[in-house]
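The following exercises concern one protein model. Please examine the sequence and the structure before reading each solution.

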Amino acid sequence: IHNIQSCLQTALRRLPGEVKGRDLIETAFDEVGRLSRLTVQMLHFYRTSLVDDVAKPTDLNELLAEVIDLTRGDLTQKGILVTTGLQTGLPLIPASRDKLKQVFLNLISNARDAMPGGGHLTVRTAAGPSDLRVMVSDTGVGIPPENLNRIFDAFFTTKGKVSGVGLGLSVSYVIIAQHRGSIEVDSTVGKGTTFTIILPMEEK
């Protein structure tokens, strides 16, 4: 895939912009790039499914703050206001920090894509009797009721472009299942979506 991509990139550099058929090469280059990204996602998906990390005491609030700092610039540039409501004094939970970070990045990325014209992203945490909860809410386009049961299927997408096809939510589902947790989703078309991650406090 990399070799094909390099050849197409070289061809684009050599061809003048007005040459007939250049648009076909540009489309091929974009599609090869999509295949490359999809291959990486597939590798992550299967490695995530098969490899168990050692769970270590993890501060959810600290991890979320780190992820929000990483993404805030991009979100602000796209007209998205970020608000946090992180409950103080949360206990540490046994978890793979890197895998949970991937989940939070996936959810924030989906929220960003659901608000192409800007909006409001809210990230909250709360403690229950035996679990911790992370809520990621957006004011985006929402998910139709008929799609709610399919959003965690591999390669399912509600996005119009082919480039939107991916494994983000499937990977997130697997990761949370590995942590003996669950993901819930509540969505209203035209108003927004909230993903709730529920993680047990104690290792069973």
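**Exercise 1: Leu148 and its surroundings**

Leu148 is found in the loop between β5 and α5, where helices (H or I, at least four residues) and strands (E, at least two) are DSSP runs numbered from the N terminus. The model is a predicted one, in which local features need pLDDT of at least 70, side-chain atom pairs count only at pLDDT 80 or more, and totals for chains, interfaces and linings use all residues. Residues are numbered from 1 along each chain as its sequence is written, and side-chain values use heavy atoms, with hydrogens and water left out.

Task: State which residues Leu148 touches, not counting residues up to four places away in sequence.

Solution. Step one: apply the contact criterion, heavy atoms within 4.5 Å. Step two: list the partners, which are Ile143, Val185 and Ser187. Step three: consider Ser187, which is 39 residues from Leu148 in sequence, while their C-alpha atoms are 8.2 Å apart in space.

Task: Classify Leu148 as buried, partly exposed or exposed.

Solution. Step one: recall that buried means under 20% relative accessible area, exposed over 50%, and partly exposed in between (1.4 Å probe, protein chains only). Step two: Leu148 has a relative accessible area of 22%, so it is partly exposed.

**Exercise 2: Strand pairing of β4**

Task: Determine in which sense β4 pairs with β2, and in which sense with β5.

Solution. Step one: two strands pair if DSSP finds at least two bridges between them. Step two: β2 and β4 are joined in the parallel sense by seven bridges, with Val82 opposite Leu121 in β4. Step three: β4 and β5 run antiparallel, also over seven bridges, and Arg124 stands opposite Met135 in β5. Step four: three residues separate β4 and β5, which form a hairpin.

**Exercise 3: The largest nonpolar core**

Task: Identify the residues that touch the most other members of the largest nonpolar core.

Solution. Step one: such a core is a set of buried Ala, Val, Leu, Ile, Met, Phe, Trp, Tyr and Cys residues joined through side-chain atoms within 4.5 Å. Step two: among its 35 residues, Leu60, Leu100, Phe104, Leu121, Phe195 and Ile197 touch the most other members. Step three: the elements that each supply at least two residues of this core include α3 (60–77), α4 (97–113) and β7 (192–200). Step four: the contacts of Ile197 beyond four places in sequence include Val103, Phe104, Leu107 and Ile176.
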